[in-house]
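Thanks, everyone. Two topics today: one strand and one pocket. Let me put the structure up.

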Amino acid sequence: MRKQEEEVVEMTLQQNREFEDFASDVERGLTTKSKYLSPKYFYDKVGSQLFEQICLQPEYYPTRTEASILNKHAHVISKMAGSNIKVIELGSGSSSKTAILLSYLSLQKKKIYYFPIDISSSILIESTKRLKSQFPNATITGIRSDYNVGIDRAVATAECMAAEKNNETPDTKLVLFLGSSIGNFELMEARALLGSIRKKLHRNDFLLVGFDLQKDEAVLNAAYNDKAGITAKFNLNLLARINRELDGNLELGKFEHCAFYNSEQQRMEMHLVSKTDQQLYIGALGKTFVIREGESIHTENSYKYTLNQIAALAVDRGFTVKKNFIDKKRWFDVAFLSPS
Ligand code: AVJ
């Protein structure tokens, strides 16, 4: 069986595990006093496509702002990262921004080794196929996984490659964590994640993290309540996914998208608010969950950072901030970190 087919089979097998995780997480989230669902479940095929549409909305500035920073500084970043690296990306999604960096790296390098890691099998299959045609000489290995396991598998795969090819493959790593996905993590979780990444890095490795910065609340609220209603669809799609995959009878029309900036917590919050008292039946769980009028299901936090908070977080986790690549409006920071 060809290697590519092996990769697809492996990803399909994991889809079964995905189902188990989803079912038990939904049961837990709808059973607790303050109902919640993890934002990682936004990214099924429909959700990933809706997120790509969100990135095109005039109000949603993060993606295009980060892309403009990468376009402007990719040559400096690839110079700082050195000549022989393997690129490991957490939450790669469509890898559209990463292609900017890979283009520069391919100009300078003999060969690119890129390991996109994503929870969504569908966007991973799609983006790796596209990137392989864009970078025919590159070795691109998609890994369907959450972040921590994903890095270990990327490092292990790279080492196998090195063994197979008599150490031709590079030994320095550039880990990418773009798109302000770090914003979805509670601050303690973000600390823990950076700490676990630090443990997997050697002195010559680097970490590039995209942070959405604090700014005018009106700009933030508009970004998560776009006029076209795509973010609302993206949020409600979580319920549609429960219906599709867990045999739920949830009526999307009985829920309202609600997103607002919580200045105390310095985060955008997304919720699905019930318009009436409801009985939510989920066939795969054989259970009914009661939700009251006005009660919400908390679906996402998106923390907004200051440069001081970024520096404190990096230093606290054993990194040095080599450079903050920031846009003119100071809305977004791509932080270039090295192990200290
Ligand atoms: C992909 C997590 C960075 O929080 O801004 C977009 C997801 N949520 N619109 C973000 C999202 C609502 C996005 N991240």
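Start with the pairing. Strand 1, residues 85-90, runs parallel to strand 5, with five bridges between the two. For a register point, take Ile 85: Thr 172 of strand 5 stands opposite. Keep in mind that this is a predicted model.

Now the other neighbour. Strand 5 also pairs with strand 6, residues 206-212, again in the parallel sense, over four bridges. There, Leu 174 sits opposite Phe 206. What links these two strands into a unit? Strand 5, helix 7 and strand 6 form a β-α-β unit, and it is right-handed. Helix 7 covers residues 187-199.

Next, burial. Is strand 5 enclosed or open? Six of its six residues, 172-177, are buried, so the strand is largely enclosed by the rest of the structure. Buried here means under 20% relative accessible area. Side chains in a regular strand alternate between the two faces of the sheet. In strand 5 both faces are covered. One side has Thr 172, Leu 174 and Leu 176. The other has Lys 173, Val 175 and Phe 177. Note that Lys 173 is among the buried residues.

On to the second largest pocket. Its volume is about 460 Å³. Helices 1, 5, 6 and 9 each give two or more residues to its lining. Helix 1 gives the most, with six. In total, 22 residues line the pocket. Nearest its centre are Gln 14, Glu 18, Ile 119, Ser 121 and Arg 144. What is the lining made of, by class? 11 residues are charged, six polar and five nonpolar.

That's the tour. Questions, please.

Definitions and conventions: Residues are numbered from 1 along each chain as its sequence is written. This is a predicted model: local features need pLDDT of at least 70, side-chain atom pairs count only at pLDDT 80 or more; totals for chains, interfaces and linings use all residues. Side-chain values use heavy atoms; hydrogens and water are left out. Buried means under 20% relative accessible area, exposed over 50%, partly exposed in between (1.4 Å probe, protein chains only). Two strands pair if DSSP finds at least two bridges between them. A crossover is right-handed if, with the strands pointing away from the viewer, the path from the first strand over the helix to the second runs clockwise. On a 1 Å grid over the protein atoms alone, a cavity is a set of points where a 1.4 Å probe fits but cannot get out, and a pocket is an open set with protein on both sides within 12 Å along at least five of seven lines; lining residues have an atom within 4 Å of a point. Grid points are joined across faces, edges and corners, and a volume is the space filled by probe spheres set on the points. Ala, Val, Leu, Ile, Met, Phe, Trp, Tyr, Cys and Pro count as nonpolar, Asp, Glu, Lys and Arg as charged, and the others, Gly among them, as polar.
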